Amino acid sequence: MYVKMEGEIMEKLLKDIKETNVDEGSDQKDVGIWTGMLIGTLVQTIVLIIITWRTDWDKQVLRLLCSAFFSRCSKILCTKFLLNLT
């Protein structure tokens with residue numbers, strides 16, 4: 001009985017698959033989605049390259065050192081420390 005029900009279900013699924021019409025424009029939609037994803041990734045990469053290129057990494061290291069060593073001190077000491085090193 002179980003095998004018969006399973007066979008009927010499979011036949012119905014196969015029939016539904018055969019009757020389903022594939023949208024003719026689906027290839028264009030797929031190309032559009034992939035093109036949009038690739039362009040978005042490219043734009044994001046370019047923006048991150050510009051940000052990385054324009055960042056003053058020496059200044060960022062000094063800020064990190066200041067916050068690590070003077071975390072319990074006032075901001076005035078951190079500012080003086082940064083001004084003396086630059």
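**Helix α2 and its nonpolar patch**

L48 lies in helix α2, which covers residues 26–54, where helices are DSSP runs of H or I with at least four residues, strands are runs of E with at least two, and numbering starts at the N terminus. This is a predicted model, in which local features need pLDDT of at least 70 and side-chain atom pairs count only at pLDDT 80 or more, while totals for chains, interfaces and linings use all residues. Residues are numbered from 1 along each chain as its sequence is written, and side-chain values use heavy atoms, without hydrogens and water.

L48 counts as partly exposed because its relative accessibility is 47%, a value between the limits for buried (under 20% relative accessible area) and exposed (over 50%), with a 1.4 Å probe and protein chains only.

Looking at the protein as a whole, one finds four helices and zero strands, arranged along the sequence in the pattern α-α-α-α. Of its 86 residues, 3% count as buried.

Confidence is given by pLDDT, the predictor's confidence in each residue from 0 to 100. The protein has a mean pLDDT of 76, with 59% of its residues at 70 or more; among its elements, α2 has the highest mean, 89, and helix α4 (residues 75–85) the lowest, 66.
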